[in-house]
Amino acid sequence: ARITAAREHASAFAKARVHDRVGLVAFARFAELRCPPTLDEEALGAFLNALTTVEQGGEEDATAIGTGLAKAVAVLQKSTAKSKLVVLLTDGQNNIDDIPPQEAAKLAKDAGVRVHTIGLGNGVPLPFGGFQPIDFRDLKAIAATTGGEFFQPKSDKDLAKVYAKIDELEKVPLEDPRFRTV
C-alpha cells in the first residue's frame, strides 16, 4: 500500500511540473536509472508503475541511500537546467555505505543539486509487536547540506501535502517570452 501511494503521488507531482524534465532513479542495495529526465509524463508514469519492492531477505534487500543519491546527481550533472532538484524518498535507513549519504550530499551540493528528502514508514516490525523506529538522521543531514527540506509524512494524505509543498518551494518563474516584429 505504501509503494502504491508513493507511486501515485510521485506521478501526480511529475504531471504538475509540465515545464520540467523529471526522471526516476530506483534504489535498494543498488541504484538504477529507470527513466532519464523527460517531459513525457506517460513514459515516466509507466516506469513508476513498474516499480516493485525487493524480495525481503533477498540479495537486494538493503538501503543504499548514498548510492541512490549519487546516481541521481550523476544524471543531473549532464543537465543544462538552471535548477536541479532531487526528491529522495525512502522507507528505510541507510545500511550500505558503498557511498556514504554524507558524501553523496556533498556531491549534490557541489553539483548545485538541492535535495528534498522524504522518510516514509513506521520502522522495522518487532517480534512481539510494535516497530523499531527508522532513524532518518541521514535524510535530515542530506536536506540540510543541500539546502532542501526533510519531510516525514504519517499518512497518504500527508504525503500528498509533502509533494504539494515541494512543488510550491520549487516554483521557478518562467521568463515571459517577448517577440518583436520589425
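This is a guided tour of one chain, with a suggestion at each stop of what to select next.

**The whole chain**

Begin with the entire chain in view, keeping in mind that this is a predicted model. Its secondary structure comes to six helices and seven strands, and if you follow the sequence from its start, these elements appear in the pattern α-β-β-α-α-β-α-β-β-β-α-β-α. Along its principal axes, the C-alpha trace spans about 80 × 30 × 25 Å. The radius of gyration is 17 Å, which agrees with the value near 16 Å that a compact globule of 182 residues would have. If you display the surface, you are looking at an accessible area of about 11400 Å², of which carbon and sulfur atoms hold 51%. Buried residues make up 37% of the 182 residues. Among the contacts with a separation of 6 or more, 70% are accounted for by residues 24 or more positions apart.

**The three-stranded sheet**

Next, select strands S3, S4 and S7, which form an open sheet in the order S3-S4-S7 with parallel pairing. The edges of this sheet are S3, covering residues 84–90, and S7, covering residues 150–151, each of which pairs on one side only. Now add helix H5, residues 137–146, which packs on the sheet and touches S3, S4 and S7, its direction making about 155 degrees with that of S4. Returning to S4 itself, residues 113–119, you can follow its parallel pairing with S7 over two bridges, and you can also find Ile118 standing opposite Phe151 in S7.

**Thr63 and its surroundings**

Move on to Thr63, which you will find in the loop between helix H2 (41–50) and helix H3 (65–77). Is this residue buried or exposed? Thr63 counts as buried because its relative accessibility is 13%, below the 20% cut-off for that class. Leaving aside residues up to four places away in sequence, select the residues that Thr63 touches, among them Phe27, Ala28, Thr90 and Gly92; Gln93, Asn94, Asn95 and Ile96 are also in contact with Thr63.

**Two aromatic pairs**

The count of aromatic pairs comes to two. For one of them, select Phe13 and Tyr163, whose tilted rings lie 5.3 Å apart from centre to centre, with 45 degrees between the planes. This pair links distant parts of the chain, since Phe13 belongs to helix H1 (residues 2–16) and Tyr163 to helix H6, 150 residues apart. Both Phe13 and Tyr163 are buried.

For the other, select Phe136 and Phe150, whose ring centres are 5.9 Å apart and whose planes stand at 45 degrees, so this pair is tilted. Phe136 sits in the loop between strand S6 (131–132) and H5, while Phe150 is in strand S7, so the pair ties together parts that are 14 residues apart in sequence. Phe136 is buried, with a relative accessible area of 5%, whereas Phe150, at 21% relative accessibility, counts as partly exposed.

**Ala164 in helix H6**

Finish with helix H6, residues 156–169, and select Ala164 within this helix. With a relative accessibility of 44%, Ala164 counts as partly exposed. Then add His9 to the selection: although Ala164 and His9 are 155 residues apart along the chain, their C-alpha atoms are separated by 9.4 Å.

Definitions and conventions
Residues numbered from 1 in each chain as written. Predicted model: local features only at pLDDT ≥ 70, side-chain atom pairs only at ≥ 80, totals over all residues. Heavy atoms only, no water. Pairing = 2+ DSSP bridges. Helix = DSSP H or I, 4+ residues; strand = E, 2+ residues; numbered from the N terminus. Contact = heavy atoms within 4.5 Å. Axes fitted to C-alpha atoms, helices over the stretch in contact; angles between N-to-C directions. Rg over C-alpha atoms; globule rule 2.2 N^0.38 Å. Buried < 20%, exposed > 50% of the residue type's maximum accessible area, 1.4 Å probe, protein only. Areas by Shrake-Rupley, 256 points an atom, 1.4 Å probe, with all protein chains shown as cover. Phe/Tyr/Trp six-rings, centres within 6.5 Å; stacked < 30°, edge-to-face > 60°.
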